[in-house]
Every structure is written in C-alpha cells, then in structure tokens.
Amino acid sequence: MYEGAGRWGSVCLERLRGQRRPGGFNVLMWLVILILLSVLSALLQLTGVLDDCFCDVESIDVFNNFKIYPRIKKLTERDYFRYYRVNLKRPCPFWPDDGHCSIKDCHVEPCPESKIPVGIKSGNYNKYTKAANTMSDMTECEQAKELGAINSTLSNQSKEAFADWARHDDAQDHFCELDDETSPDAEYVDLLLNPERFTGYKGPSAWRVWNSIYEENCFKPRSVYRPLNPLAPSRGESGKSISFYKWLEGLCLEKRVFYRLISGLHSSINIHLCAKYLLDEGWGQTVWGPNVKEFRRRFDMAETKGEGTRRLKNLYFLYLIELRALYKVAPYFERSIVNLYTGNSQEDGATKDLLLQVFNEIKTFPMHFDEKSMFAGHKIEAKTLKEEFRLHFKNISRIMDCVGCSKCRLWGKLQTQGLGTALKILFSEKEIKNLPEHSPSKGFQLTRQEIVALMNAFSRLSTSIYQLHNFRLLLKENR
C-alpha cells in the first residue's frame with residue numbers, strides 16, 4: 001500500500017528537504033499526505049507503479065492535486081484558452097447520422113444575434129456573457145436540447161476580436177493547416193459556458209463510437225474481444241479478459257501505448273460525467289454533483305471484474321504522456337517571440353506568465369515518461385510504425401464527428417486534438433531543440449487551436465485525477 005509513498009520519498013526527498021510549500025507544508029507534511037493518499041487509493045486498489053514507465057500513482061496524485069491542478073484550472077479560465085474554434089456540423093464519415101433530437105440532453109442551438117444582451121454588444125472587450133442554462137416546461141425533444149446544448153453566446157465585440165486573432169495567426173509560420181479553421185461551419189465556443197458533464201448520451205449510439213475506436217483502430221484483431229464490451233458476442237467474460245490481456249502484453253511497446261492512451265482518455269471522460277452528474281432537475285433548477293453509484297459502476301473492482309483499476313491506471317499513463325509533451329514544448333513558449341494574442345496586451349502578458357508558471361512546475365516532476373524508448377528500432381520499421389500510429393490516431397479524430405451528442409462531440413474533438421498535439425510534440429524533439437529565439441520556426445509551429453486544445457485537454461486529465469481523490473473520500477464515507 002505504501003510502495004508509492006516510499007518511491008516518491010526515495011526519488012524526491014533531497015529535492016523537497018527543507019523547502020516550504022504553500023500553507024507551510026514541508027517535506028514531513030508531504031510524506032504524510034502521500035501515506036494518506038496511499039490508504040485512500042487502496043479503496044480502488046489503485047496504487048503502486050504504472051506499467052511501461054518509472055512512476056507511481058501516489059506521486060502523480062500529490063504532484064497534480066497540489067501543484068498542477070490549481071494553476072492549470074486558473075490558466076484555462078483566461079480568455080486565450082476559454083475559446084475554442086470547432087466545426088460541430090461535419091457529417092460522420094463512417095455511418096448515417098443518429099439524429100440529435102432523439103438523444104436526451106444532446107443538442108446544439110447557437111444563440112441568435114437578437115438574444116445577445118445589448119450591454120454585452122457595447123461592453124468592454126473582456127466582458128463576456130455568462131447566461132445560465134435554465135429549465136422550463138417543454139416537450140421531450142425540446143428538453144433534449146437543453147443540458148447537452150452548446151451555449152455559443154458571443155458578443156459582437158468578441159467576434160471582431162476573433163477576426164483580429166485570426167489575422168495575427170495568419171501572419172505566423174504555421175506547421176500545418178487545420179480543416180476546421182477554414183470551414184464556414186467552424187465557430188468559436190466558450191468552454192466555460194459549456195462544461196464537460198453528464199448529458200444522458202449512452203446506449204448503442206455511444207457504444208458504437210467507442211467500439212469503432214477500440215475494435216478498428218487499436219491494432220487489435222477481430223478475434224480478440226475487450227472485457228465488458230457491450231457489443232461483443234456473449235462468451236465467458238473471464239476467458240475474454242485473459243485472451244485480451246495476453247494479446248495486449250504481446251504487442252510492441254508502441255502499440256501497447258496507443259491502446260493505453262485511448263483507454264485513459266475514455267476513463268477521463270467517464271470521470272467527468274460521474275463528477276458532474278445531473279442529480280436533480282426539478283422546479284426549474286438543475287443540480288449537478290458527484291454520482292458515487294455511477295462511478296462504482298464504471299470503476300469499482302468488483303462491479304467491473306477488475307477492469308476499473310486497469311482503466312484508471314491508463315488515465316495516469318495518459319497524464320504522464322501529456323505531461324511529458326508539455327515538458328518538451330516549454331522552450332517553444334519561453335521564447336519572447338511567442339505571444340498568446342487576444343488584443344489586450346495586459347491580459348496577454350498575464351496569461352503567458354501563468355503558462356510559464358505551469359511549465360516551471362512541470363520541470364520539477366522527477367519521473368517523466370521516457371518517449372525515447374518508442375520508435376527506437378530499425379529506422380525503416382520505426383518510420384513505418386510511426387506513420388501507422390499517426391494514421392490510426394487521425395482516424396480516431398474523424399470518428400469524433402460521429403458522436404451523436406454535440407456537447408460530447410465538442411469535448412471529444414478537443415481532447416483528441418489535444419492528445420494529437422501532444423504526440424506531435426513528442427515526435428518533433430529535434431525541431432523544438434533547434435527553435436530560433438527571435439524569429440518564427442520553419443520546422444515546428446503550433447496553431448492557436450492546437451495550443452488551446454493541448455492545454456485544455458491536459459486540464460481535463462488534471463481535473464480527472466483531482467476528482468478521483470474526491471471519489472475516494474466519498475467511497476470511504478459510504479463504506
């Protein structure tokens with residue numbers, strides 16, 4: 001149980017010794033916290049060393065919950081990071097549209113210009129509408145538009161600012177051009193007005209999306225079935241599990257990593273839905289909060305026949321991958337030429353300072369994932385495998401256009417793009433090392449959309465790990 005605490009202590013004791021933490025924390029207090037987290041982690045049997053890397057659950061918990069989460073949360077509330085340009089109208093390229101209205105709480109209805117308050121239109125640039133969602137008497141189909149709806153309320157001032165942002169970005173040296181940026185159906189969405197939470201999107205439609213991701217894009221033969229897969233033929237669950245994990249362990253590191261990244265993303269999304277679950281919608285007011293029963297259904301050792309712990313460890317693994325990408329890309333943002341431009345120089349400077357604070361904290365983490373072990377074989381084979389890796393992930397990003405719930409689609413697209421950007425960074429180490437200090441780079445460039453997706457996707461993982469701690473406490477209370 002205390003293996004993680006000991007591991008962190010042996011690696012970090014000298015680094016922590018004598019240092020004072022916020023609130024007067026010293027090394028002894030940090031070790032006490034680690035031990036308490038180890039005890040709570042035992043409730044889910046989520047403890048100890050992760051596979052394929054030199055790190056443990058308890059170390060990540062302390063590092064994330066006390067050092068990263070407060071800062072990344074504050075960062076993603078800044079103007080530069082709260083607006084994400086996305087095309088939610090692209091048709092599914094793989095199967096007919098399910099139809100949004102038939103799915104409870106999942107619909108997008110952009111706010112018409114006439115609904116934007118006059119005070120917002122003539123207000124200061126930094127003032128954005130914060131209209132709250134309210135419930136009223138409506139038909140089932142109309143109600144389905146509410147909870148899963150995208151609140152796309154933006155002022156005219158904001159839209160003019162976005163055009164200015166685009167002109168600024170067009171003057172930069174792009175690494176690549178994203179389809180969504182130029183599509184007439186792409187629009188800015190305020191992520192703070194559209195939090196990731198329960199929408200009621202589930203059943204065959206959701207299963208088909210995830211089944212397509214796992215069964216067709218994770219290098220898996222059709223004869224091997226994932227445990228607890230609702231769309232798999234009915235066979236002995238135990239036999240399927242053994243067969244699946246025997247297959248997974250036989251894969252090369254790169255393909256095994258690919259599966260664990262997708263599983264970790266899936267787990268993170270499920271935690272968000274459990275943490276912000278619709279608990280009550282009576283009397284015209286919605287109440288959101290943690291749903292312990294739903295969390296147990298998805299992650300409890302007994303209820304998932306051991307799958308829950310594997311899923312959660314994959315979340316931690318994904319966290320390490322994106323953490324490593326941020327560590328690698330820090331020099332890109334530390335250059336004076338990089339400006340997180342919104343048109344407000346004071347806001348932009350404060351946002352960059354906060355971003356650099358996050359990078360400085362990330363540099364203190366002592367157990368980063370070593371990506372050099374990936375694609376390290378024969379050059380031709382490694383290049384072929386890397387391209388296959390890239391194409392599989394690109395296909396998964398296309399599958400996100402098949403998600404029937406528009407709010408789920410929004411966050412699915414953002415988080416897959418964020419992960420895709422992280423992988424792009426890890427595969428561009430040489431280009432990042434050769435970045436010029438005072439001029440644009442020809443070898444490596446990130447678009448505004450990639451930057452926003454990268455930081456918000458990592459923020460989602462950070463939030464998931466933070467919420468896991470809350471669920472551990474709730475599970476302990478309910479024992």
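Cys405 counts as buried at 0% relative accessibility (buried means under 20% relative accessible area, exposed over 50% and partly exposed in between, with a 1.4 Å probe and protein chains only). Cys405 lies in the loop between helix 15 (379–399) and helix 16 (406–426), where helices (H or I, at least four residues) and strands (E, at least two) are DSSP runs numbered from the N terminus. The structure is a predicted model, in which local features need pLDDT of at least 70 and side-chain atom pairs count only at pLDDT 80 or more, whereas totals for chains, interfaces and linings use all residues. Residues are numbered from 1 along each chain as its sequence is written, and side-chain values use heavy atoms, with hydrogens and water left out.

**Annotated positions**

The UniProt annotation "active site", from an unreviewed entry, covers Cys405 and Cys408; UniProt positions are given in the numbering used here, feature names are shortened, and annotations may be inferred rather than shown by experiment. Cys408 has its place in helix 16, and, not counting residues up to four places away in sequence, Cys408 touches Thr199, Tyr201 and Val403, contact meaning heavy atoms within 4.5 Å.

The unreviewed UniProt entry also places a "binding site" feature at Arg197, Thr199, Trp210, Ser263, His266 and Arg298. Ser263 is found in helix 11 (residues 253–275) and is buried, with a relative accessible area of 4%. Leaving aside neighbours within four places in sequence, Ser263 is in contact with Tyr214, Arg311 and Asn314. Arg298 is found in helix 12 (residues 292–299), and with the same kind of neighbours within four places left aside, Arg298 is in contact with Asn270, Cys274, Thr304, Gly308 and Arg311. The side chain of Arg298 also makes a polar contact with the side chain of Asn270, at 2.6 Å; a polar contact is a pair of N or O atoms within 3.5 Å, of which, within protein, one must be able to donate a hydrogen and the other to accept it, and residues adjacent in sequence count only if both atoms are side-chain atoms.

**Helix 12 and its surroundings**

In helix 12, the residues Val292, Glu294, Phe295, Arg298 and Phe299 are buried. They cover an arc of only 160° around the axis and therefore lie on the same side of helix 12, the arc being that of the directions from the helix axis to the C-beta atoms. The elements that cover the buried residues of helix 12 include helix 11, strand 3 (277–280), helix 13 and helix 18 (448–477). At the start of helix 12, a side-chain oxygen of Asn291 reaches to within 3.2 Å of the backbone nitrogen of Lys293.

**Two positive phi values**

Most residues other than glycine have a negative phi. Phe219 has a positive phi near 60°; this residue is found in the loop between helix 9 and helix 10 (237–249) and is buried, with a relative accessible area of 13%. Lys305 also has a positive phi, near 55°, and lies in the loop between helix 12 and helix 13 (307–334), but Lys305 counts as exposed at 60% relative accessibility.

**Aromatic rings**

Rings of Phe, Tyr and Trp (its six-membered ring) pair if their centres lie within 6.5 Å, with planes under 30 degrees apart counted as stacked, over 60 as edge-to-face and the rest as tilted. By this rule the count comes to 20 aromatic pairs, among them the two in the table.

| Pair | Centre to centre | Angle between planes | Arrangement |
|---|---|---|---|
| Tyr69 and Tyr466 | 4.0 Å | 10° | stacked |
| Phe244 and Tyr245 | 4.9 Å | 85° | edge-to-face |

The pair of Tyr69, in helix 3 (residues 57–75), and Tyr466, in helix 18, links distant parts of the chain, 397 residues apart. Tyr69 counts as buried at 12% relative accessibility, whereas Tyr466 counts as partly exposed at 29%. Both Phe244 and Tyr245 are buried, and ring pairs link Trp210, Tyr214, Phe244, Tyr245, Trp247 and Tyr259 into a cluster.

Arg310 lies over the face of Tyr245, at 3.9 Å from the ring centre, where a charge sits over a ring if NZ of Lys or CZ of Arg is within 6 Å of the ring centre and within 35 degrees of the ring normal. Arg335 lies over the face of Tyr332, at 4.8 Å from the ring centre.
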